[in-house]
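Biologist: Please take one buried part of this model and go through it closely, with each term explained for a first-year student.

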Amino acid sequence: MIVPATALGGKGVISVLSNVLPEETVKMANAALSGDMHTASKMQCQLYPLIKALFSEVNPIPVKAAMAALGFCENYLRLPLVPMEKAHEEQLLADLMQVVQQALCSYDQMRCTEGKALEQELRNRGNTILDH
């Protein structure tokens with residue numbers, strides 16, 4: 001949790017979220033580190049459902065599933081890791097889609113002029129999240 005860590009004097013973070021949403025994670029960390037706790041806290045709250053879903057199972061299982069849904073890799077796991085439980089995966093994908101839409105719309109207005117533009121951009125990137 002970036003905001004609580006920096007509020008307690010932390011000087012940086014190691015973040016699972018940064019694998020999935022690196023730009024948003026950097027913006028949130030920079031806001032917190034610069035003392036803009038209002039912005040950082042708002043971002044932390046918006047991203048919390050996804051953060052929670054990324055820890056619904058042992059790391060790196062959820063982050064691999066999220067990265068695969070975004071088209072960055074295949075969701076290939078080696079033992080002892082196993083695929084996510086279906087209920088956890090469905091929640092992760094739902095939270096991921098919501099947060100990705102919010103992030104693109106909130107932090108980059110040019111890329112979110114309408115919902116169809118976002119959907120087309122995600123499809124152009126080869127993302128499979130829209131198929132879930």
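Modeller: T25 touches I2, S15, L17 and S18, leaving out residues up to four places away in sequence; contact here means heavy atoms within 4.5 Å. The model is a predicted one, in which local features need pLDDT of at least 70, side-chain atom pairs count only at pLDDT 80 or more, and totals for chains, interfaces and linings use all residues. Residues are numbered from 1 along each chain as its sequence is written, and side-chain values use heavy atoms, with hydrogens and water left out.

T25 is in helix 3. Helices (H or I, at least four residues) are DSSP runs, numbered from the N terminus. With a relative accessible area of 4%, T25 is buried, a word that means under 20% relative accessible area, with a 1.4 Å probe and protein chains only.

One of the residues that T25 touches, S15, sits in the loop between helix 1 and helix 2. S15 is also buried, at a relative accessible area of 18%. A polar atom of the S15 side chain lies 3.2 Å from the backbone nitrogen of L17.

Now the helix itself. The buried residues of helix 3 are E24, T25, M28, A29, A31 and A32. They lie on the same side of helix 3, because they cover an arc of only 160° around the axis; the arc is that of the directions from the helix axis to the C-beta atoms. An α-helix has 3.6 residues a turn, so residues three or four places apart point the same way. Helix 3 has 12 residues, which at 1.5 Å a residue should span 16 Å, and its end C-alpha atoms are 16 Å apart, which agrees. That expected span is 1.5 Å times one less than the number of residues. After helix 3 comes G35, with a positive phi near 95°.

Helix 3 (22-33) is among the helices that each supply at least two residues of the largest nonpolar core. This core has 31 residues, and V20, L50 and L54 have the most contacts inside it. A nonpolar core is a set of buried Ala, Val, Leu, Ile, Met, Phe, Trp, Tyr and Cys residues joined through side-chain atoms within 4.5 Å. Helix 4 gives the most to this core, with seven residues.

L17, already met beside T25, is also touched by L50, whose other contacts include V20, L21 and V99. V99 lies in helix 6 and is buried, at 2% relative accessibility. Between V99 and L50 there are 7.0 Å in space, C-alpha to C-alpha, though they are 49 residues apart in sequence.

Definitions and conventions
Buried < 20%, exposed > 50% of the residue type's maximum accessible area, 1.4 Å probe, protein only. Polar contact = N/O pair within 3.5 Å; in protein donor to acceptor, adjacent residues only side chain to side chain.
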